[in-house]
Structure formats: structure tokens, C-alpha cells
Amino acid sequence: MKRPKLSKSHLFSWFNELIFLFAGVKVLLFHLFSSSIISMGVIFTTLGFLVILYSFSYLFQNKVRLFYSYTANLLITFILIPNTLYLDYFSSPLTLSVFKQTTNLSGLGDSIFFLLHMKYLLYVLDLIVLPFLISRNTFTYVKRRKPLKAFLPILAAGIMFVCLKPLKVIYLDHEDSIVKAYDSKDFLAQYGIFGHHALDGYYQVKAANFELSKEEVNEIDAYWEGKETDGSADSELAGFGKNKNLIMIQVESLQNFVINEKVNGQEITPTINALLKNSIYFPRFYAQTIEGNSSDAEFLTQTSLFPLKTGSVFFQYPQNTYHSLPQSLKDIGYRTTAVHADEKTFWNRHNMYPSLGFEDFISIEDFSQDEIVGMGVGDKSMFSEWGKQLKKSGEQPFYSFIVTLSNHMPYELSEDKQSLSLPPKLNDNLLGSYFQTVRYTDEALAVFLKKLEEDDLLKNSIIVLYGDHNGIFYKDKKLLEDTWVNKEISFEEWYTKYAAVPFIIYNPEIEGRVYDTVGGQIDVYPTIRTIMGLRSDNNYALGTDLLSENSGSVIIPSGGYVEEPLFISNDEIIKGLTDTQREIIDLSNLIIKGDYFGTVKIQ
Ligand code: GP9
Ligand code: MN
């Protein structure tokens with residue numbers, strides 16, 4: 001049977017659907033152009049948003065209907081094009097905070113022509129052709145007498161699609177949040193571009209609507225006023241670092257128990273052990289990170305505030321004003337640089353670092369990438385390339401904050417990079433692998449120190465080194481007992497000897513000394529502030545100067561590396577926190593959420 005030929009008017013009755021089909025194709029093009037992942041979450045959420053937009057077209061008729069759909073398509077195009085360019089340039093999709101941090105946009109402005117490609121014409125082709133076709137043809141869609149009958153079920157279908165992924169995450173995967181974000185591309189990878197903007201908008205509005213009440217401001221003010229001022233101005237190291245360069249190295253997963261330890265007669269950390277001869281060394285120092293892992297450690301040491309109890313400060317409050325170590329150094333003329341040889345968008349560092357006061361951020365993209373270990377550039381290449389760069393830049397004094405990466409779970413290192421010969425018990429187990437990567441990072445440090453010495457930078461620099469958090473956890477205790485210490489490790493022993501991370505302050509002119517004082521990452525800024533001669537008339541730090549006699553305890557919040565919070569002092573380990581200790585963490589969360597330094601204490 002001969003099929004009836006589609007009449008022209010029949011064909012144009014599908015015009016409206018065609019407009020949305022084009023919009024869908026453009027989203028697909030966006031994923032191809034920007035090499036963004038197309039996961040099931042992306043497909044369902046994007047389809048859902050498109051269907052919701054489409055459902056509203058049932059409320060209009062004839063050309064008004066087409067006008068509505070055309071506008072929807074135009075809007076989508078306006079979302080896709082800037083995101084494509086921004087992703088190309090910054091490897092991250094646009095967020096509302098980008099518009100607050102205009103430095104990012106001006107960077108793009110200079111290169112906009114360089115970023116435009118002919119292929120992007122595909123984004124606008126339909127927008128050019130459609131008006132022409134619409135105006136040349138009659139289009140009839142008479143609104144149904146009861147438009148809600150079509151609109152409502154289609155809208156419901158759209159909403160259902162949008163909800164599919166969140167429902168799966170909560171009810172099937174039993175996660176407590178619909179999104180787990182480690183990278184600023186994660187919303188996009190999990191929920192597509194519309195989902196990304198919806199989630200970003202939700203978090204931004206939530207953050208913007210939080211305002212500190214008068215009582216809360218008073219409470220924070222009273223805390224600073226009541227806080228004992230750091231009492232170590234007369235410590236022999238107070239002001240020792242004045243006008244010297246500061247190099248702070250956050251070592252991934254470095255625990256204290258490997259220091260001065262040998263395996264099969266070989267030192268695990270020969271470089272660090274040698275440094276101790278000219279360092280003040282805190283072996284009873286603890287990580288206080290929560291859900292933000294490395295990024296929380298960075299936050300703690302640079303601002304002396306506790307991280308958020310849930311989620312990550314780097315993601316949720318990158319636009320705040322912070323009272324921080326880099327900012328204080330920048331204010332007195334230091335050149336401040338953060339170095340982390342992973343993608344710059346990882347943990348949203350590219351947005352957070354400028355707010356912390358870092359003028360430059362050197363990330364994986366800036367390295368030759370000739371040696372990749374685990375998640376990014378190997379520490380040896382990183383230290384060697386950055387070491388060369390430091391002198392070249394010629395600017396002194398500088399503050400260089402370096403975050404290492406190679407000693408990261410699961411501690412995989414190719415055989416040619418392994419220096420330790422391990423006993424059979426440690427071969428092919430987590431602890432043995434950990435020793436190998438710790439040793440690799442320690443050797444990388446030696447490369448860096450050698451370069452600093454050659455360039456005559458060592459004497460004029462204070463070098464600070466600490467571990468960001470544990471790499472071998474309480475849950476791995478059995479492994480340590482069976483393959484390393486050959487005896488049971490008690491809870492107390494674990495927390496006094498194994499859970500600590502090192503904190504070391506080195507300069508060739510310092511006389512080596514071990515401080516038994518208990519401390520934590522929150523104490524880094526106040527301690528370094530004293531050494532760098534940065535004492536100011538305010539005392540905006542929740543931590544304590546570890547050189548002062550007020551120090552000697554640490555609050556370890558739960559959620560990161562301990563199951564229940566701990567309070568550790570020079571002579572006891574207490575499970576759980578008192579109300580006063582909890583209140584300090586709450587106070588810190590208020591300071592962050594209310595942007596206290598940006599809205600109350602404008603500096
Ligand atoms: C990578 C580094 C990873 O950039 O932050 O460390 P983690 O946060 O997983 O501890
Ligand atoms: Mn880490």
C-alpha cells in the first residue's frame with residue numbers, strides 16, 4: 001500500500017517538537033565539544049529538564065507556542081556556549097561564584113577569540129534557520145480546551161526523570177547527600193549541565209541566605225576578646241623568619257611513625273630524619289580534617305579555623321573573605337604561590353586559593369607531565385620543576401605552599417621507582433606499599449632541598465612540613481600488628497604513637513629540638529605567625545601558638561579519620577568532646593557560613 005505523503009502543513013505541525021529536538025542535540029554537542037562524561041544521571045536529568053521545558057509549550061498556541069519554544073532553545077544555547085568556552089579554558093563549568101570572582105572571567109576575556117571555533121556555529125544554526133522557516137509557513141496548533149490535560153502529565157514525566165538519579169543515590173546507594181563532589185566538574189558529570197546549574201544555584205542561595213544573627217556575632221567577638229593572646233613573643237624563634245621566604249609542604253598521607261624508623265635496616269625517611277637536626281619537631285601533632293580530606297588540611301593550616309562539619313569549605317565557601325597566612329604575608333609584600341600537581345579544579349582549588357590569598361596557583365597543567373604517579377605529576381618531577389622555577393622567578397620574599405600527591409592511597413609505585421627492599425611479610429601489602437611511596441616522596445624532598453641549597457635559597461627560607469592526614473588508619477591496625485610491630489597496639493598507643501602526623505619547622509640555623517607538646521593543624525598558622533614575625537593586634541585564630549605555654553591539646557572532630565571525636569592533651573586521650581569543645585567547632589562553622597571576616601570584620 002502506498003504511504004500517504006506528508007503534507008506540508010502536517011510536517012510543520014511537528015515544528016515545536018523539532019525545536020526541542022534541536023535543543024537536545026545541542027546538549028549532546030556540548031558534551032562532545034567539552035569531553036564531558038555522559039552518564040545515566042546526565043541522560044535522565046537532562047532529558048527531564050528538556051521535557052519540563054517542553055511541557056510548558058502546551059499552555060500556548062500557534063506562533064506564540066513556537067515563540068516560547070524558540071526562546072527556550074535560545075536560553076539553552078546561552079547556557080551551552082559560555083560553558084563550552086569556560087570549560088575549554090578553565091576545565092570547569094560556570095558557577096554563580098565565577099561572576100563574583102571576576103578575575104576568572106577577565107582571564108577568559110583576553111582569550112575569547114582564541115577559544116572560538118567554527119564548529120560552535122552548530123550551536124546557532126537552528127536559531128538562524130528556524131525564524132526563517134516559521135515566518136514562511138503557516139503553523140497551526142490550537143490550544144486544547146483543557147491544556148492542563150497535556151501539560152500536567154508531561155510536566156510530571158519531566159520531574160520524574162529529574163528525580164530518578166537523586167532517588168537512586170538516596171534509596172538504593174544509601175548516600176546521605178544526592179551529590180558527592182570532589183571536583184568542580186562533578187555536578188556536571190553526575191547531573192548534566194542543567195543539573196549542574198540547579199545544584200550550584202541551590203548551594204549558592206543557601207549560602208547567601210545565611211546571615212549571622214546579632215547574638216552570633218557577639219558570641220564570635222567575645223571569643224576573640226576572651227582568647228589568651230599567644231604568649232611566645234619571647235620565644236627565641238619569635239620573628240626568626242622575618243623577611244625570610246616561607247616554604248610550607250603539606251605531605252599527602254604522611255604519618256609520624258615512619259620518621260626515624262627503619263625497615264630491613266633501611267631508613268624510610270632519610271631526608272626528613274636529616275632535617276630534624278636543624279628543626280623544631282612536633283611528633284605529637286594531629287590531623288583535624290573532616291570530609292574535605294587534603295583540602296580541609298590546607299584550610300586548617302592556612303586559616304586556623306575548623307573545616308565544615310559536613311561537606312567541604314573549598315566547595316561551599318570559596319568566595320568568602322578569610323583571615324589567612326598567605327593573605328597576611330601577601331599584605332606585607334610576599335609573593336604567594338600554591339603548588340599542587342593535580343588538576344586545578346580538583347576540590348575547587350582554583351576558586352578557593354585566590355580567596356585564601358594565593359596570587360598564583362601552579363597545577364598539573366603547568367608541569368611537563370613527564371612523570372605521572374597516581375593522581376598527578378610525581379613528587380620528584382614536581383619538586384624538581386618547581387625548585388628550578390623558584391629561583392628563576394627572582395621575587396623574594398615569597399611564600400610557596402606545596403601540596404604533594406604521590407603518597408596517596410593505594411600507594412602504587414612502579415618497581416623502578418621503589419627504593420626499599422622489603423621483608424617478605426611486607427611485600428604486596430598496604431603497609432609495604434605505603435613505605436615505598438613515603439620513601440619516594442622523601443627522596444623527592446631531597447631533590448628539592450638540594451636545588452634550594454644550590455640556588456642559595458635554603459638559608460634564607462623557613463621550611464615547614466606536615467602530614468595532611470593518616471594514610472594507615474585505625475582500621476588497618478591489625479595489619480600493623482601482624483606485619484610490622486608483632487604485638488597488639490592498644491587504643492592509647494595507636495593515638496599516641498601511630499595516628500599522629502609530623503609537624504616540622506626547619507632552617508639550617510635552627511638548633512634541632514623535639515617538642516612533646518600536643519598540637520594539631522589548626523595551630524600551624526598561629527605558630528608560623530610568631531616565627532615569621534607576623535604578630536598583629538588581633539588574634540583571629542582558633543588554634544594556639546605551639547611555642548607558647550598555652551598550648552598542649554587538640555580537638556579531633558569526627559567524620560574524617562576518627563569514628564568518634566577525640567580530645568587529646570599532653571597526658572590523656574578522651575573519647576567524645578565536652579560542650580565547650582563542640583562549641584568551638586560550631587563557632588568555626590558559623591564564622592565560615594556567615595562569612596564573618598567578609599561581612600562583620602571587613603579588613
Ligand atoms: C588530590 C589530593 C588528594 O588533589 O587532594 O588527596 P585527598 O583529598 O584524597 O586526601
Ligand atoms: Mn590527602
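With which residues is I528 in contact, leaving aside its neighbours within four places in sequence? In this predicted model, the contacts of I528 outside that stretch of sequence are L246, M248, L325, V464, F503 and I505. Two of these partners, F503 and I505, stand together with I528 as the residues that have the most contacts inside the largest nonpolar core, a set of 72 residues. The greatest contribution to this core comes from helix α21 (residues 579-593), which supplies 6 residues, and at least three residues are drawn from each of domain 1 (8-196) and domain 2 (214-599). A second core, separate from the largest one and made up of 62 residues, has L276, F367, F398 and L445 among its members.

The manganese ion (ligand 2) is held at 2.1 to 2.5 Å by protein donors from E252, which appears twice through OE atoms, S294 (OG), D468 (OD) and H469 (NE2). Along the chain, these donors follow the spacing E-x41-S-x173-D-H. The arrangement around the manganese ion (ligand 2) is irregular, because its 6 donor atoms subtend angles of 53 to 158 degrees. Of the donor residues, D468 is buried, with a relative accessible area of 0%, and H469 likewise counts as buried, at 5% relative accessibility.

Helix α18 (residues 477-485) contains T483, a residue that is buried because its relative accessible area, 15%, falls under 20%. The side chain of T483 reaches the backbone oxygen of L479 at 2.6 Å, while the contacts of T483 beyond its neighbours within four places in sequence are with K425, L426, N429 and L431.

Note on methods:
Residues numbered from 1 in each chain as written. Chains lettered and ligands numbered in written order. Predicted model: local features only at pLDDT ≥ 70, side-chain atom pairs only at ≥ 80, totals over all residues. Heavy atoms only, no water. Helix = DSSP H or I, 4+ residues; strand = E, 2+ residues; numbered from the N terminus. Buried < 20%, exposed > 50% of the residue type's maximum accessible area, 1.4 Å probe, protein only. Polar contact = N/O pair within 3.5 Å; in protein donor to acceptor, adjacent residues only side chain to side chain. Contact = heavy atoms within 4.5 Å. Donors = N, O, S within 2.8 Å, 3.2 Å for Na, K, Ca; no water. Tetrahedral: all angles 85-135°; square planar, octahedral: opposite > 155°, others 65-115°. Core = buried A, V, L, I, M, F, W, Y, C linked by side-chain atoms within 4.5 Å. Domains from an automatic or database assignment.
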